Structure formats: C-alpha cells, structure tokens
Amino acid sequence: MAILEIKVPDIGDVTDVAVIELLVKVGDLVALEQSLITVESDKASMEIPSSAAGLVKEIKVALGDKVNQGSLVLLLEAEAAAPASVAAAPAVAAAVAAPPPVAAAAAGGTRTVEVFVPDIGDFESVSVIEVFVKVGDSIRVEQSLITVESDKASMEIPSSTAGVIKELKVALGDKVAKGSLLALVEVAAPVAQAALAAAPALIAATVALAPAPVPVRAAPTASLPAHEPMAAKARLPHASPSIRRIARELGVPLDEIKGTGPNGRIQELDLQGFVKSVLAGAVQTLAQKAAAPAAAAPAAAGNFPGLLPWPKVDFEKFGPVERRDLSRIKKISGANLHRNWVLIPHVTNNDDADITDLEAFRVQLNGDKSSPSKVTMLAFMIKAAVAALKKFPEFNASLDGEQLVLKNYFHIGFAADTPNGLMVPVLRDADKKGIFQISQEMGELAKKARDGKLGTAEMTGGCFSISSLGGIGGGYFTPIINAPEVAIMGVGKSKIEPVWDGKQFVPRLMLPLSLSWDHRVIDGASAARFNAYFASLLADFRRIAL
C-alpha cells in the first residue's frame, strides 16, 4: 500500500480559486478521474478529478479555502503499482470551465443557429416587454435576450448559444410562446459545437423570477457552502456546479427546492418545476412571501396595531354589481403607492407660477414651421426641474438606510395616462438635452406607454417626477412620492387670474404647483425655496441660463 498526494492539476490562468463543494469524505473509495472537489473562479466552476484510485485517508482542504495549481487536496491510500497519471486532469478541468467569449470565425467557417423560446410552462402567449440585444451584438451562452411577462411574473429568456446576432425575430409588445423564434445567431464552427453540447443543461433553466429586472451574478464567496458530504443534509442545498450556476443566473433560491435525485440532490427537472410553479402562482419564494403584505391593501390594514381589519361586505345584497379584475399596471402601481404613502412622511407645498410669457413663447415656437417638433409646457417644466435640482441637491437624492445618496445625474419621470392606468416613463439625462429633444422623446415614451410597449428599464432610475393634470383639469392636489425619490411636483390646469402689479389688476396665466416632499430628507424652508425657484424659472425662462 502507498500513500499518494492528490494535488490540484493545471487549471489554466486562474489563481486563488475558492473551494465551493467537497464531493468525497474520509473513508470513501474513489476511482481514477473521479471528481473530488469543486472550485470556482469569477468566471466558471470546475471539478477537480483524482489522479489515482484508492481510499481517502485525509482531506487537506475545506469549504471556502483558496487553492491553486499544485495545492494539496487529499491523501489517498492506493496500491503501490496504482497508476498516478495526471495527464487527463488538465483536459477534465478545461472541459468543465465556462465557454470562452465569442471569437472570430475559425477556418471551419460559420453557420447560423436559430434561437427559440424554451419551455416556459403552461403559458401560451406572453408579452415581450424588454429586448436586451440588437443586430450585430456578440452574445454568450445564457446571456439574456428578452424579458417576457405573464400576469403573475416577468422572466428573462437566455440564449442557448454564443455568437453574433444576425437577425432579431421579436419586437416590444410581441406575443411569444414555447418554440417561438427569437433570433438568428451566427456562430463560429468550434463555438457552435460547444454550444450544442451545453444545450441540454440550458433547456432546464429558461426563466428569471420577478422582481429583479436584471439577474445578478453572486460573488464566488456568496455561494459557499454548496454541499459538504459530512454535513447534515437539511442544512445545505445539494446540487451540481452547473445547477448552482444556473440558479444564480436566474435568481432561484436553491434552499427552497426539494431535490429528487440521490441523497436529495437537486436535478434539472426540480429547478425547472420550481420556476414553472412560481410563474404560475402556485408557489411563492420566501422573498415573494415577505413582499406579499405590501401588495394586498386590504390585508395590510391588519398589520398596523390599533387598525380595524378591512371590512367584508356582501355588495350584491344592496343591488346588482359587476366585478372586474384590476389591470396588471394598477395592481403593481397600487401596491407601490400604498407602500409609499404609508412609509414616507409626505408634506405638500402649494404655489402658483405665472406662465403668461412662457406660454406665449411656446405658441410662437410651435407656429414656426422650421421647428423640429411640437413643444409642450411639460418640456419646459422638465428643464426647470433640472435647474432646481442642481440648485437644491437634496431633492436629487434617495435614502439608503442611514445614508443619503446624492445623485450626479438628472433623469426625470413624468406621469403618462394610458388605457390601463397611470405609468411613469423616465426621460434620461434631461440636463444634456434641449427643449425640442425633450419634447420629441417625451412623445415617443408616452406613445410606448399607451401601446403597452414600455420596458421596465424605461420606468426606472428616476431622480424626480412631475405629475401634470393640466390637460384634464383641477387645481392643487397631493401627489404621492415615487420611492426611492424624495419629491414629486404636481401640476394642475392653468387659468387666467387677475394679478395685482402694484397699480392695477392685470390678467395673467397662472399655473398651480403642488410639491410633495419627504420630511425625513427635506425641511419646510428648503421645500418653500425649491417651489418658489421652480415657479420663478417658469415665470422668466431666461433664468435657466444664469
């Protein structure tokens, strides 16, 4: 008998990789090239095989340890004549590494691969709400291509191959189902073979869970420990590196999945079944359960001490009724508005802006046939908001725990009335755009909102919002702050009013302003100054240049 040292073989140009899985324990018999441990770099997971067969006498690494080529993994008791070849080890390690980025086509040429919507459960038709790629983009395996949405959740559809997008077959607002053609991808011949080999593992993971608009890859240490044979089975999820990698990409909590494989190991079908159940509403993740009270206004009333439960009424006994489901937008916005109103201490300041001269200027611009686009009063308000945010930076901020995050960018949201409810598109980098460009982009965003084609990315990242009811009517009101913003400007319908100029009353076009602000961040004096400054800019737009 002989004691052999089993070391980490050549694992390429990576150093200090973390041990994330122990696949054997002391006393186990292992075969030649049997996997012993799993290590993970910031780009891939790989299993380290044994260079000999024998009995495990001592394990020299633990979960979380950092190893390199040549690091001692374990001591193995083997026959003296047992082969100790390590020739196959580098190839095995390389085979399980993540596929490299798409390279230029090799001598073997290229070919076009069709990418389809994989199995997304019993959903016959889901809407495309985001498209992440465009023609000419280089993509990698599992990179998200589009986001689709059912009435219960949104999901990101990944690519089953790496290559270059030659043609997109879907657009915002399209309806897709399992088997729908997404794109034509040109792949280099060597890359195509690797992609085809990986396809079966990718089919099982096809959807991403809401609410996260974009999947976040966890740092290697965040996934530790994944599985330790000597630990209690109920403590840690038992899954292979490929399953854990897919789960990280999709945001699936492995510790909430019951594995059906040997010793409770989580299989591809377990992962797929869990995701389908969540999308269908049959299962909630712990994160969704935690967020559920905020989404149900009637139930939430009981969460506050001293409040009576929401009344249960048999409305039919008083007369005929009609029941109608809330639209998806109203369900989402209603939950957000309820949370914002309850958690943010709102205060509203009312003021008036004299827009007589500004309205005359706007009419003059729109009467000029050389103007590139029609200008709305809201476009001037957005520019005024940017100037006010620069002068009063605490309004361009967000609370993050006990810290105030002051933003150096200016993305302005504006309320858009749609057939399905109110939506708030965000116009980005308003400080870098002129009035004509703002008006044009506002029109495009508002149209997409009315057509139901507004993507999640186009409704996030705002710094300050403007809710204008001027086209409908009404005066002052209390707009609800759009968290995590700290203020919102409400605008009513302008009307001619008599204004004293020091000698006489003269007719002026006055615009009602209602500024709601978060009293945790902003005090009354700052709010009054902000409102007065905003009104002064609309009264004399030349101040913008000062």
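This is a short talk on some strands, helices, loops and surface residues of one protein model.

Hi everyone. Before anything else, please keep in mind that this is a predicted model.

Let's start with a sheet. Strands of a sheet pair through backbone hydrogen bonds, either parallel or antiparallel. Which order do the strands take here? The open sheet has 4 strands, in the order E9-E16-E14-E11, and the pairing is antiparallel. Strand E9, residues 110–116, and strand E11, residues 138–139, are at the edges with a single partner strand each, so each has one side without a neighbour in the sheet. If you follow E9 to its partner, you reach strand E16, residues 181–188, and the two are joined in the antiparallel sense by 7 bridges. To see the pairing for yourself, find Arg 111 and look across to Val 187 in E16, which stands opposite.

Now go back along the chain to strand E6, residues 54–59. Strand E3, residues 29–30, runs antiparallel to E6, with 2 bridges between them. Val 30 has Gly 54 in E6 as its bridge partner. E6 also pairs with strand E8, residues 72–78, again in the antiparallel sense, this time over 4 bridges. There, Leu 55 stands opposite Glu 77 in E8.

Just after E6 comes a loop leading to strand E7, residues 66–67, and Ala 62 sits in that loop. Is Ala 62 buried or exposed? The answer falls in between: Ala 62 is partly exposed, with a relative accessible area of 36%. Its C-alpha atom is 9.6 Å from that of Ile 37, and these two residues are 25 residues apart along the chain.

Next, a helix. Helix H11 covers residues 524–539, which makes 16 residues, and spans 22 Å from its first C-alpha to its last, close to the 22 Å expected. An α-helix has 3.6 residues a turn, so residues three or four places apart point the same way. With that in mind, look at the buried residues of H11, among them Ala 527, Phe 530, Phe 534 and Leu 538. What do the buried residues of H11 pack against? Their neighbours include helix H8, helix H9 and strand E17.

Helix H8 also holds Thr 356, a partly exposed residue with a relative accessible area of 21%. In sequence, Thr 356 and Leu 509 are 153 residues apart, yet their C-alpha atoms are 4.8 Å apart in space. Setting aside neighbours within four places in sequence, Thr 356 is in contact with Arg 508 and Leu 509.

On the surface, there is a nonpolar patch formed by Val 313, Phe 315, Phe 318 and Val 321, with about 410 Å² of accessible area together. Phe 318 belongs to the loop between helix H6 and helix H7. Phe 318 counts as exposed because its relative accessible area is 63%, and the cut-off for exposed is over 50%.

Last, some backbone details. Most residues other than glycine have a negative phi, and most peptide bonds are trans. Asp 16, though, has a positive phi of about 50°; you will find Asp 16 in the loop between strands E1 and E2. Asp 429 has a positive phi too, near 50°, and lies in the loop between strand E23 and helix H10. Which peptide bond is cis? One is the bond from Ala 483 to Pro 484, with omega near 10°, and Pro 484 lies in the loop between E24 and E25.

Thanks for listening!

Conventions
Residues are numbered from 1 along each chain as its sequence is written. This is a predicted model: local features need pLDDT of at least 70, side-chain atom pairs count only at pLDDT 80 or more; totals for chains, interfaces and linings use all residues. Side-chain values use heavy atoms; hydrogens and water are left out. Two strands pair if DSSP finds at least two bridges between them. Patches are made of residues with over 30% relative accessible area and no salt bridge: like charges are joined within 9 Å, nonpolar side chains (Val, Leu, Ile, Met, Phe, Trp, Tyr) within 5 Å. Accessible areas come from the Shrake-Rupley method with a 1.4 Å probe; for residues, only the protein chains shown count as cover. A salt bridge is a side-chain nitrogen of Lys or Arg within 4 Å of a carboxyl oxygen of Asp or Glu. Buried means under 20% relative accessible area, exposed over 50%, partly exposed in between (1.4 Å probe, protein chains only). The expected span of a helix is 1.5 Å times one less than its number of residues. Contact means heavy atoms within 4.5 Å.
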